[in-house]
Amino acid sequence: MKPILPVGIAGIGSYVPEGRLTNADLEKMVDTSDEWILQRTGIRERRIARQDEIASTMGIEAARRALEDARMAPDEIDMVLCSTVTPDQPFPATCCAIAHGLGMNRAGGFDIEAACSGFVYGIQIGASFVASRAARNVLLVGTEKLSTIVDYKDRNTCVLFGDGAGAVVLTSLERAGRGEYLGGHMGMEGGAEDILGVPGGGSRHPASHETVEKRMHYMHMGGTRVFRFAVATMAEQIELAMKPYGYQQLGLVVPHQVNQRIIEAAAERVGLPIEKFFVNIDRYGNTSSASVAIALDEAYRAGRLEKGKIQCMVAFGAGMAWGHSLVRW
Ligand code: UT7
């Protein structure tokens, strides 16, 4: 058997739409306040895509930036993975539109549906393809137009979510020259459809007048239950990930941008200072599949990925699914 090939991250990119939805805007839409949102979530504003911007078009922009950063031409990519819960349409997969938009004509690919954990799952999936030599260069995109499934009449959810996209290019460590993939973990516990999800429009409750009238095509969430699960899972995943290395090797934790309080509670639980966590939730809210990807790109471009140190990406969400991916920069 051929040896497993070491894998690296060759390029990182992201894209967020220009439109902003501030807490003051939300005060005019539902019974909420800037003070409540900021105190309970840490969010000040989120980006909202234009009508003509969809999951694939935002993903294409993020991918272009990642490819440019990797100094790689689109036709060198042989696998496109797209993580999203807001695909352009139920099928075909959104990765097809991304590949087409980038002018690729020989790449295979598929979509990953693991909600907020999708990008962290995607790094492990993409790295496995490269390591096994099933693909040479993998483009992974996390993209969401959550504003299309958020119910702007439900104050429990509408203050939390935003739109955006992020991408990475995975290739052999030799070619990438940085971002060595060290491994990761993927887990899930099913039977949680009532905790977090979109109940309508699938085979359980196909689209009908009734599902539309009951607003079943919007996201439904039991926020407090997600909160408890999120704190425990984020802490467990960081501990599991860093156990073989020790915290002295840790560069940054790049967590799913779920809630400032959840991130702070997890930091306290694992005994790490909050400065070790990259947080940009104040500007984007929770962007699900795109959240870790956008945070990784911002940390990278801000020079926060310390050379030689381990960057720990950690996520959890609907499913309930969770995971982490480790990269030595
Ligand atoms: O990627 C995973 C996706 N999930 C998430 O991102 C959600 C994770 N969960 C959370 O971030 C938090 O649980 C929330 C921010 C959703 C809620 O914060 P909380 O501190 O857990 O508040 P709570 O659910 O205990 O609600 C407290 C009160 C309730 O009123 P009553 O029943 O005590 O009278 C809510 O109705 O706050 C009320 N409330 C609001 N008030 C003003 C809920 N949303 C709002 C709002 N503005 N937007």
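**Exercise 1. Sort the shell around the ligand by residue class, and find which elements and domains build it.**

*Solution.* Step 1: begin with the classes. In this predicted model, the shell around the ligand holds 10 nonpolar, eight polar and four charged residues.

Step 2: pick out the residues that come nearest. Of the 22 residues around the ligand, these are T32, R40, R155, H256 and N259.

Step 3: look for polar atoms that pair up with the ligand. The side chain of N259 has a polar atom 2.7 Å from an oxygen atom of the ligand. For R155, a polar backbone atom lies 2.9 Å from a nitrogen atom of the ligand. In the side chain of R261, an N or O atom is 3.2 Å from a ligand oxygen atom.

Step 4: ask how much of the ligand is covered. On its own the ligand has 960 Å² of accessible area, and the protein covers 74% of that.

Step 5: trace the shell back to the elements. Two or more residues each come from α2 (34–41), α6 (155–158), α9 (223–242) and α10 (260–270). Helix α9 gives the most, with four residues.

Step 6: place the ligand relative to the domains. Residues of the shell come from both domain 1 (7–177) and domain 2 (181–328), so the ligand lies between them.

**Exercise 2. Describe the largest nonpolar core: which of its residues touch the most other members, and which elements contribute to it?**

*Solution.* Step 1: recall a general tendency. In soluble globular proteins, nonpolar side chains tend to be buried together.

Step 2: find the members with the most contacts. The largest nonpolar core has 45 residues, and M234, I238, V253, I262, L272, F277 and F316 touch the most other members.

Step 3: list the elements. Those giving two or more residues to this core are α9, β11 (250–255), α10, β12 (310–317) and β13 (321–328). Helix α9 gives the most to this core, with nine residues.

Step 4: check the domains. At least three residues of this core come from each of domain 1 (7–177) and domain 2 (181–328).

**Exercise 3. Decide whether F229, N137 and A299 are buried or exposed, and find out what else can be said of each.**

*Solution.* Step 1: fix the cut-off. A residue is buried when its relative accessible area is under 20%.

Step 2: take F229, which sits in helix α9. Its relative accessible area is 18%, so F229 is buried. Along the chain, F229 and M320 are 91 residues apart, yet their C-alpha atoms are separated by 8.8 Å.

Step 3: turn to N137, in the loop between α5 (118–131) and β6 (138–145). With 2% relative accessibility, N137 counts as buried. What does its side chain contact? A polar atom of the N137 side chain lies 2.9 Å from the backbone oxygen of E76. The N137 side chain also makes a polar contact of 2.6 Å with the side chain of T171.

Step 4: finish with A299, in helix α12 (residues 291–301). At 0% relative accessibility, A299 is buried too. From A299 to D88 the C-alpha distance is 28 Å, and the two are 211 residues apart in sequence.

**Exercise 4. Look for unusual backbone geometry: where are cis peptide bonds, and which residues other than glycine have a positive phi?**

*Solution.* Step 1: remember what is usual. Most residues other than glycine have a negative phi, and most peptide bonds are trans.

Step 2: find the cis bonds. One joins F91 and P92, with omega about 0°. P92 belongs to the loop between β4 (79–83) and α4 (94–101). Another cis bond runs from G319 to M320, with omega near -10°. M320 is in the loop between β12 and β13.

Step 3: find the positive phi values. R71 has a phi of about 50°, and its place is the loop between α3 (55–70) and β4. For R133, phi is near 65°, and this residue lies in the loop between α5 and β6.

Step 4: compare each accessibility with the cut-offs. Exposed means over 50%, and partly exposed lies between 20% and that value. R71, at 74% relative accessibility, is therefore exposed. R133, with a relative accessible area of 40%, is partly exposed.

Conventions. Residues numbered from 1 in each chain as written. Predicted model: local features only at pLDDT ≥ 70, side-chain atom pairs only at ≥ 80, totals over all residues. Heavy atoms only, no water. Near = heavy atom within 4 Å. Polar contact = N/O pair within 3.5 Å; in protein donor to acceptor, adjacent residues only side chain to side chain. Areas by Shrake-Rupley, 256 points an atom, 1.4 Å probe, with all protein chains shown as cover. Nonpolar A, V, L, I, M, F, W, Y, C, P; charged D, E, K, R; others polar. Domains from an automatic or database assignment. Core = buried A, V, L, I, M, F, W, Y, C linked by side-chain atoms within 4.5 Å. Buried < 20%, exposed > 50% of the residue type's maximum accessible area, 1.4 Å probe, protein only.
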